[in-house]
Amino acid sequence: MNRPAETGTVAVGCSEAPVLRERGQREVFCGLTGIVWLHRKLQDAFFLVIGSRTCAHLIQSAAGVMIFAEPRFATAILGERDLAGMADCNEELDRVVNELLARRPEISTLFLVGSCPSEVIKLDLANAAQRLSVSHSGRVRILNYSGSGIETTFTQGEDNCLHALVPELPASADTSKSLLIVGTLADVVEDQFTRMLDELGIGPVHFLPPRRAVDLPPVGPGTRMLLAQPFLGETARALTARGAQLLEAPYPFGVEGTLGWLRAAATDFGVTAERFDAVTAMPAARAQRALGRYQELLAGKRISFLPDSQLEIPLARFLQRECGMEPVEVGTPYLDKQMLTGELPLLSESTRLSEGQDVDKQLERLRSERPDLTVCGLGLANPLEAEGLATKWSIELVFTPIHGFEQAADLAELFARPLMRRDRLIFSSCN
Ligand code: SF4
């Protein structure tokens, strides 16, 4: 295993590698999908999608588990209107919001989420949010962002949502250091990181998003920021403009990524190497042992990523360096180099990186290279399986807790499972 302190000896990796840029037909989810994990995290927020029946179907089926609970998302469906009918649209939106807030007094923050239909694009949601904020002032915060498939892919919805929250964060003039962890983490992972950072003597620690939208963390010149996800570039830049400093680190996937991520904070907060090792050695060794179960199965297997979640580069790094897999092509919808400065040097130079998508060309490459495993969106998985290619749904990687030491083996298992299933199928068809 390579430790981050040793990565200085690694060459530039993929930092300077050429990137194949493709523009064409895309097969990715839109930013509305983020509501599925954001509404679970922000327990006093509500997401009102202003959209069409298609949008309603997307989030209902993606978040199907919510049928047993009082949901915290809904879709206000706007029918066909021309510009002359937009006044009615605004009235209708106000009526829906007023009814919702009267019925659900526990909502502290309401997000109006824009989508693609032309009548929604014509509606000025920023204005609507402002107007409604005035009429519900003191009772609820009303914000807006876009989850439209025209403007966003899959995980950009989270970036837009958190970006909308940044101006709302209380300003802190305090120059003493505090750590802000940015990006949605499962509560169990958040608790693990909180404990470990506390043992390291790093604090105070805040999270964005917090568990309750009313508990927004402060931001100011003392704020040091660690990103939990690579797809939060706009949020990170907005926080930087408010005085926060971004700590350069790999993402906390796998043992190496988690060590590097924690080490970035430890270095900035002046934690000694002895204390760092004392706190991290046991959980890192435990994670390493648990990972061993999957390394044998994954080592030497070839993997391709189709662009979907923007997690592709850190995941490829984990699979290559800690599991011995061979990334053939690592496609990502949007390659934000600034957010990947801690990752690209770790990925082997020979990896083919691609940004954006021209799905037909990418499928052609896939069919000729036939990797052992392809990570892709739901829409492409079934046809590829039918062609005899093993696949992994990228959406699972966003819905499952995969950050940190305790989850390193679970993360490897997510990639091992489709290979084991394929082996069993081949075995049973031979008998
Ligand atoms: S792509 Fe557009 S129309 Fe389709 S679900 Fe997403 S926001 Fe709605």
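Begin by selecting helix H9 (residues 254–268) and helix H10 (residues 273–298), whose axes come within 10 Å and cross at roughly 165°. Axes are lines fitted to C-alpha atoms, for helices over the stretch in contact, with angles running from 0 to 180 degrees between N-to-C directions. H9 and H10 are therefore roughly antiparallel, the term for angles over 145 degrees, while those under 35 count as roughly parallel.

The model is a predicted one, in which local features need pLDDT of at least 70, side-chain atom pairs count only at pLDDT 80 or more, and totals for chains, interfaces and linings use all residues. Residues are numbered from 1 along each chain as its sequence is written. Helices (H or I, at least four residues) and strands (E, at least two) are DSSP runs, numbered from the N terminus.

Next, display the side chains between the two helices. H9 contributes Val255, Leu259, Leu262, Arg263 and Ala266 to the contact, and H10 contributes Phe276, Thr280, Ala284, Ala287, Gln288 and Leu291; contact requires C-beta atoms, placed from the backbone, to lie within 7 Å. These residues divide into 8 nonpolar, 2 polar and 1 charged.

Move now to helix H6 (residues 156–165) and helix H8 (residues 233–241), which pack at an angle of about 20° with their axes 7 Å apart. That angle makes H6 roughly parallel to H8. Select Asp159, Leu162 and His163 of H6 together with Gly233, Glu234, Thr235 and Ala238 of H8 to see the contact. Here the division is 2 nonpolar, 3 polar and 2 charged.

Turn then to the open sheet, where 4 strands lie in the order E3-E2-E4-E5 with parallel pairing; two strands pair if DSSP finds at least two bridges between them. Its edges are strand E3 (73–77) and strand E5 (141–146), each of which pairs on one side only. On average, neighbouring strands are turned by 25° against each other, direction ignored. Strand E4 (residues 109–114) is joined to E5 by 6 bridges, and Leu110 has Ile142 in E5 as its bridge partner.

Add the helices that lie across the sheet. Helix H2 (residues 53–62) lies across strand E2 (45–51) and E3, at about 170° to E3. Helix H5 (residues 125–135) lies across E2, E4 and E5, at about 175° to E5.

Finally, select Gly138 in the loop between H5 and E5. Gly138 counts as exposed because it has 6 C-beta neighbours inside 10 Å; the cut-off for exposed is 12 or fewer. Its C-alpha atom is separated by 9.7 Å from that of Ser108, 30 residues apart along the chain.

Key
Angles under 35 degrees count as roughly parallel, over 145 as roughly antiparallel, 65 to 115 as roughly perpendicular and the rest as oblique. Ala, Val, Leu, Ile, Met, Phe, Trp, Tyr, Cys and Pro count as nonpolar, Asp, Glu, Lys and Arg as charged, and the others, Gly among them, as polar. A residue is buried if 20 or more other C-beta atoms lie within 10 Å of its own, exposed if 12 or fewer, and partly exposed in between; C-beta atoms are placed from the backbone.
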